Amino acid sequence: MLETRTQRRLAAILAADIEGYSQMMGADEDGTLAATRAVWGNVFNPIVASHRGRIFKTMGDGVLVEFASAVDAVECAVAVQGAMTLYNLGTGTAEIALRIGVNLGDVVSDGDDMLGDGVNVAARLEAQAPRGGILLSDAIHAQVRGKIDIAFTDVGELALKNIASPVRAWRWGNGAGVEVQAASEAIPSIAVLPFTNMSGDPDQEYFSDGISEDIITDLSKIGGLMVVARNSSFAYKGKTPDIRTVGRELGVTSVLEGSIRRAANRVRITAQLIDARTGAHLWAERYDRDLTDIFAVQDEVTMQIVGALRVKLQPVERQRLAGTRATNVAAHDAYLRGRQLAADLPEVTTDRRAAFNAVIAAYTRATLIDPAYAAPDAGLSLAYIFDHANRWAGTPDPLSQAIRHADLAITKDPDEVFGHVAAAVTQMYKGDVEAMKASANRALALAPNSAAAIGILGNVKMMLGHAEAAIPLLQRSIWLDTDFAKQGLHFLGAAQLLAGRYQEAADTFRERIRRVPSTDLSRSLLASALGHLGQVDEARRVWAEIAAINPNYALDEHLGRLTYSNPADPARIREGLAKAGLPD
């Protein structure tokens, strides 16, 4: 009798499942089934196919995939988690989080199915992977080390269920910001550096900066492209950095730079798109046009970027890009002046009222020149919100003014992103969380890369009691807009605290205090996180600093200003302080 020999081969196996699937089904079976189908069909399966993977088993909440290449398997895992971050941003429901394990080992074919330790280890790694993260076996990590630009953390040997020997593993996705960085690896990403003013007139800086920001705004409306915010890319203004350095520092794959010369009624614009990984030019053009053609030039630059980066525009995105452009050059010019003055407001140290009034005057002039132009009203709303928060100009009831202009902007143009952003912020100050959520979701639908909308939506999720779901949103808003980190780190730390991630919260609050030494609110929540960690002496030291910074600080007043739907959230803050014997 001939002996049948088992056919084995070496393969990379990726195992993925939805964390908390049973609880989600118990809470909303129909909604969970619909969301699961959308994730597998619209997110997971296309990415697997693009990385040459073969799905050989599906289990409702889980999937097993075979790859011939270890690099393809790991890059696929990271791309999936990055795409899931983007997918979750626009949903109004609870976040769907995947866990992924990847292993390289022997497998045995059984029809279309696969068996063997190669599969078993991948499945056991997936079960121990962090929410939204990945665990690799040492075998597959050894194959991809030095071949992919993705960092993994060595977590040592793990005891895996029903696996005889411990398996050394490497983790991705359990540190602050790592989920956010994945998004830039999953889709094309770009930074638009401020265009150089070649006019010989420093007063024209507002114009060159304004054109750069208009391009950023247009690109942020494209869901298939990651665009860092103005504050991040404008940090390089007046400098001549190596583009590859910019790419590494901002976490982008491409950079747009250029120059603008404006003289009388003519404008010359040069623009070049550069691969931030290699320094190679992807596209370059020079435009010599009448000033009245400036809008057409901006449109052409945007579409050239889309083409060079091979981004597929959805029909609604094409319509959105075509339908929101200003048409009156003089009104747009006044708007650009107002926007530049508004961007400078936080740095003003003297005669703040005059600086604020100059912003209002410029935006108002734009509305008088073109009463149908929505963007200046959005600018006015955001300016009055700034006055409401800082009380610089003594405006009677600036919040009402902010609400009025946000409503005007949306009435004039329902697709004006910053009108919806402004509306969301005014609703936050009013404590109307549901309305804030609707406005933030609308802004995000119009501009998937709006750091402001993403950060606001993160706050909404936290206020509604979904702190865990808020964390990746807040991380991504900070990554897109580094200047937002000064404030965003406080919200991120609060979300981490409420999610029970006490060590992460403590680290985040320490970084926030380093950037904003005068903050009392972050110190209060830091003391709570330290109390939960049992670091009583450190918590009391931090609490003592609050008294030195703000002798009038009152915990009850602080918590009273926080709009938390879940009573357990402020209770968690108090519990941490109580563990440290605070306040005494």
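How many aromatic pairs does the count come to? The count comes to six, and this is a predicted model, so to speak, from start to finish.

## Aromatic pairs

Take tyrosine 206 and phenylalanine 207 to begin with. Their ring centres sit 6.4 Å apart with the planes at 75°, so this pair is edge-to-face. Both partners are tucked away: tyrosine 206 counts as buried at 6% relative accessibility, and phenylalanine 207 is buried too, with a relative accessible area of 5%.

Phenylalanine 356 and tyrosine 384 make another edge-to-face pair, with ring centres 5.8 Å apart and planes at 70°. This one links distant parts of the chain, since phenylalanine 356 belongs to helix 13 (residues 352-369) and tyrosine 384 to helix 14 (residues 375-390), 28 residues apart. Phenylalanine 356 is buried, with a relative accessible area of 2%, and tyrosine 384 counts as buried at 9% relative accessibility. Elsewhere, ring pairs tie Tyr335, Tyr363 and Tyr373 into a cluster.

## The nonpolar cores

Which residues touch the most other members of the largest nonpolar core? They are Phe207, Ile215, Leu219, Leu256 and Ile305, out of 77 residues in that core. So phenylalanine 207, the buried ring from the pair with tyrosine 206, turns up here again. Helix 18 (residues 451-463) gives the most to this core, with seven residues.

Isoleucine 215 is worth a look on screen. Setting aside neighbours within four places in sequence, isoleucine 215 is in contact with Val192, Phe195, Leu256, Val301, Thr302 and Ile305. Leu256 and Ile305 are also on the list of residues touching the most other core members. Apart from this core lies another one, of 42 residues, with Ile47, Val71, Ala77 and Leu136 among them.

## Around phenylalanine 207

Phenylalanine 207 also has a charged companion: arginine 262 lies over the face of its ring, at 4.5 Å from the ring centre.

Both residues show up again at a cavity. The structure holds two cavities of 30 Å³ or more, and the second largest has about 40 Å³ of space. Its lining is made up of Phe207, Arg262, Leu291, Ile294, Val329, His332, Asp333 and Leu336. Which helix gives the most to that lining? Helix 12 (residues 329-344) does, with four residues.

Definitions and conventions. Residues numbered from 1 in each chain as written. Predicted model: local features only at pLDDT ≥ 70, side-chain atom pairs only at ≥ 80, totals over all residues. Heavy atoms only, no water. Core = buried A, V, L, I, M, F, W, Y, C linked by side-chain atoms within 4.5 Å. Buried < 20%, exposed > 50% of the residue type's maximum accessible area, 1.4 Å probe, protein only. Helix = DSSP H or I, 4+ residues; strand = E, 2+ residues; numbered from the N terminus. Contact = heavy atoms within 4.5 Å. Phe/Tyr/Trp six-rings, centres within 6.5 Å; stacked < 30°, edge-to-face > 60°. Lys NZ or Arg CZ within 6 Å of the ring centre and 35° of its normal. 1 Å grid on protein atoms, 1.4 Å probe; cavity = no way out; pocket = protein on both sides within 12 Å on 5 of 7 lines; lining within 4 Å. Points joined across faces, edges and corners; volume = space filled by probe spheres on them.
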